[in-house]
Amino acid sequence: MREELITSGRMNANIDPYLEIWHWHIPLYLFLGGLAAGILFFASLYVILGRESDYSGAVRRAPIIVPFLLVIGLGALFLDLRHKLYFWQLYTTIKLESPMSWGAWTLMAITPISIIWVAIHIQEFFPKWQWKNVILVEMNDFFTKNKLSLAWITVILSVILGIYTGILFSAFNARPLWNTSILGPLFLASGLSAGAAVIILFAQSKKERQIFAKIDLMLIGIELFLIIHMFMGFRASTQVQIEAADLFLGGPYTAPFWIFVVVLGMLVPAVLEIMELRHKKIPVFLPVALVLFGSLMLRFIIAYAGQFSRWLY
Amino acid sequence: MRYAMAIDTKKCVGCSDCVVACQTENDVPIGYCRDWIVERTDGTYPQLEIEIRSERCNHCDNSPCVRCCPTGASHYIEGGIVKVTPHKCIGCGACIASCPYDARYSHPDGYVDKCTFCDHLIALGEGPACVAVCPTKCMYFGDLDDPNSDVSNVLKKRKYKSLIPEAGTKPQVFYLI
């Protein structure tokens with residue numbers, strides 16, 4: 001038997017009895033950021049591939065929600081800070097070893113870019129829109145002319161946005177559940193899957209809807225592969241990782257994770273999308289809502305379970 | 001200069017004087033502590049063994065808390081001591097999540113706080129409050145780079161360990177076993 005107890009009565013707020021420093025703000029932002037990254041990725045990808053007219057839903061319509069997602073996400077992050085008046089310190093330096101610093105600067109770059117992307121496509125929703133101010137007209141012309149360069153910048157930034165949150169978590173070697181390099185790609189795949197699902201709602205043609213259903217199916221397959229290998233990796237690792245994995249394999253997070261994230265968030269929408277591709281009538285919002293729900297729950301569960309996992313005592 | 005601490009687990013009685021001295025010296029808010037006592041019991045009755053440790057921030061050489069800080073609020077000062085600059089801290093909590101020793105806490109004023117090896121006392125030529133107040137004199141503090149310091153001498157003579165070395169943090173608080 002081994003027993004280790006703190007006998008001097010430590011009860012630091014948010015640290016004891018187990019770490020609870022991050023609450024709903026962080027998983028909500030992770031979801032919104034991942035979704036925004038997914039939508040912008042496909043929007044810019046199809047401009048680069050020269051298929052803008054075939055995939056006008058992805059390129060011109062779906063990105064309209066991205067600025068709102070990013071602003072709400074940034075608002076949630078701001079509310080989480082405990083020293084809010086000093087938030088601007090984030091932008092006085094760049095720390096290459098801190099994924100949070102990368103994230104702050106990536107968001108600083110991608111939020112205005114998403115607004116520009118919506119602005120140059122605003123006629124899609126408001127056909128009679130005319131920019132009145134001469135500076136705005138010039139900016140609209142400049143970005144429309146250089147759309148390919150804008151798309152390249154956007155595609156790179158969107159990948160960073162989608163993956164850095166997983167890298168941020170995985171850089172915390174103190175939290176055994178997070179300390180796996182699979183988490184970055186898993187969050188990216190989940191974000192791209194959520195983006196592809198939302199694009200289905202904005203799709204302009206049956207072909208576009210089918211292509212994005214297939215893309216979503218492929219991404220769900222990749223997510224399942226990554227999840228299985230993540231747990232295999234934990235079970236084959238050190239005692240702290242085995243205990244972290246056990247939280248999901250019989251422990252308190254087993255039911256929420258496998259039911260909400262895997263079954264409802266991945267398997268059921270995959271089955272519905274396969275049925276839709278086989279021409280069965282499925283209401284379009286149903287697999288989309290389930291994929292978004294699964295993506296949100298993945299982040300909530302990983303954020304909370306990761307804080308619960310520990311090296312000590 | 002590399003400051004480090006050595007604590008003799010054979011002499012520590014778990015009186016918690018170090019906990020209270022630190023709270024008094026550093027104006028730690030009520031309900032928080034920068035150091036604490038851990039009791040480890042091994043074995044099956046009647047073959048029981050106990051180890052008592054006074055734990056705190058380990059001022060690691062490869063500290064994850066300095067690495068993950070997005071503003072540079074968490075930084076090293078002379079001697080390898082890890083400190084937090086309150087006006088640069090945004091209270092994001094990354095350093096708190098990154099410490100495997102749970103050594104940091106969120107001060108009610110918003111910034112992140114932790115043991116500082118009493119660097120304000122070191123500047124005056126004294127040592128940390130916890131070391132000064134220990135009734136069994138089981139704590140040693142000094143410069144590892146000075147071969148004649150208390151810490152260097154005691155680490156030469158005794159077997160020692162550090163906490164969770166496999167986390168790769170290179171902690172600088174050693175426990176004499």
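Lys and Arg count as positive and Asp and Glu as negative, whereas His and the chain ends are not counted. The legends below describe a predicted model.

**Figure 1. Overall view of chain B, with its charged groups.** Chain B contains 6 helices and 10 strands. Its radius of gyration is 16 Å, close to the 16 Å expected from the globule rule for 177 residues, so chain B is as compact as a globular protein of that length. Along the principal axes, the C-alpha atoms of chain B occupy a box of roughly 50 × 40 × 35 Å. Of the 177 residues in chain B, 63% are buried. Among contacts in chain B with a separation of 6 or more, 57% involve residues 24 or more positions apart. Chain B exposes about 7,200 Å², and carbon and sulfur atoms supply 53% of this area. The chain carries 19 positive and 22 negative charges, whose mean positions lie 5 Å apart.

**Figure 2. Overall view of chain A, a chain of 11 helices and 1 strand.** Read along the sequence, the pattern of chain A is β-α-α-α-α-α-α-α-α-α-α-α. The radius of gyration of chain A is 21 Å, close to the 20 Å that the globule rule gives for 313 residues, so chain A is as compact as a globular protein of that length. Its C-alpha atoms fill a box of roughly 75 × 50 × 25 Å along the principal axes. Buried residues account for 51% of the 313 residues in chain A. Of the contacts in chain A with a separation of 6 or more, 76% are between residues 24 or more positions apart. The accessible surface of chain A comes to about 14,000 Å², and 70% of it belongs to carbon and sulfur atoms. The mean positions of the 23 positive and 18 negative charges of chain A are 7 Å apart.

**Figure 3. Close-up of the kinked helix α10 of chain A.** Helix α10 spans residues 254–277 and has a kink of about 45 degrees centred on A:V263. An α-helix has 3.6 residues a turn, so residues three or four places apart point the same way. The buried residues of α10(A) include A:F257, A:V261, A:V262 and A:G265. Also among them are A:M266, A:P269, A:A270, A:L272 and A:E273. These buried residues pack against α7 (183–202), α8 (206–235) and α11 (285–308) of chain A.

**Figure 4. Close-up of two non-glycine residues with positive phi, A:H279 and B:K170.** A:H279 follows just after α10(A), in the loop between α10 and α11 of chain A. Its phi is about 70 degrees, although A:H279 is not a glycine. A:H279 counts as exposed because its relative accessibility is 62%, above the 50% limit for that class. In chain B, B:K170 sits in the loop between β9 (160–161) and β10 (173–176). B:K170 has a positive phi of about 55 degrees and is exposed, with a relative accessible area of 52%.

**Figure 5. Close-up of the cis peptide bonds before A:P17 and B:P46.** In chain A, the cis peptide bond joins A:D16 and A:P17, with omega at about -5 degrees. A:P17 belongs to the loop between β1 (2–6) and α1 (25–48) of chain A. In chain B, a cis peptide bond joins B:Y45 and B:P46, where omega is about 0 degrees. B:P46 is placed in the loop between β2 (36–44) and β3 (47–55) of chain B.

**Figure 6. Close-up of A:A13 and A:M108, with distances to other residues of chain A.** A:A13 lies in the loop between β1 and α1 of chain A and is partly exposed, with a relative accessible area of 34%. The C-alpha atoms of A:A13 and A:L40 are separated by 39 Å, and these residues are 27 residues apart along the chain. A:M108 belongs to helix α4 (residues 99–120) of chain A. A:M108 is partly exposed, at a relative accessible area of 39%. From A:M108 to A:Y91, 17 residues apart in sequence, the C-alpha to C-alpha distance is 8.8 Å.

**Figure 7. Close-up of B:R158 and the residues it touches.** B:R158 is located in the loop between α6 (150–157) and β9 of chain B. At 28% relative accessibility, B:R158 counts as partly exposed. Leaving aside residues up to four places away in sequence, B:R158 touches B:D8, B:K10, B:L176 and B:I177. B:R158 and B:I7 are 151 residues apart along the chain, and their C-alpha atoms are separated by 11 Å.

Key:
Residues numbered from 1 in each chain as written. Chains lettered and ligands numbered in written order. Predicted model: local features only at pLDDT ≥ 70, side-chain atom pairs only at ≥ 80, totals over all residues. Heavy atoms only, no water. Helix = DSSP H or I, 4+ residues; strand = E, 2+ residues; numbered from the N terminus. Rg over C-alpha atoms; globule rule 2.2 N^0.38 Å. Buried < 20%, exposed > 50% of the residue type's maximum accessible area, 1.4 Å probe, protein only. Contact = heavy atoms within 4.5 Å. Areas by Shrake-Rupley, 256 points an atom, 1.4 Å probe, with all protein chains shown as cover. Charge placed at Lys NZ, Arg CZ, Asp CG, Glu CD. Bend = angle between axes of the 7 residues up to and from the residue.
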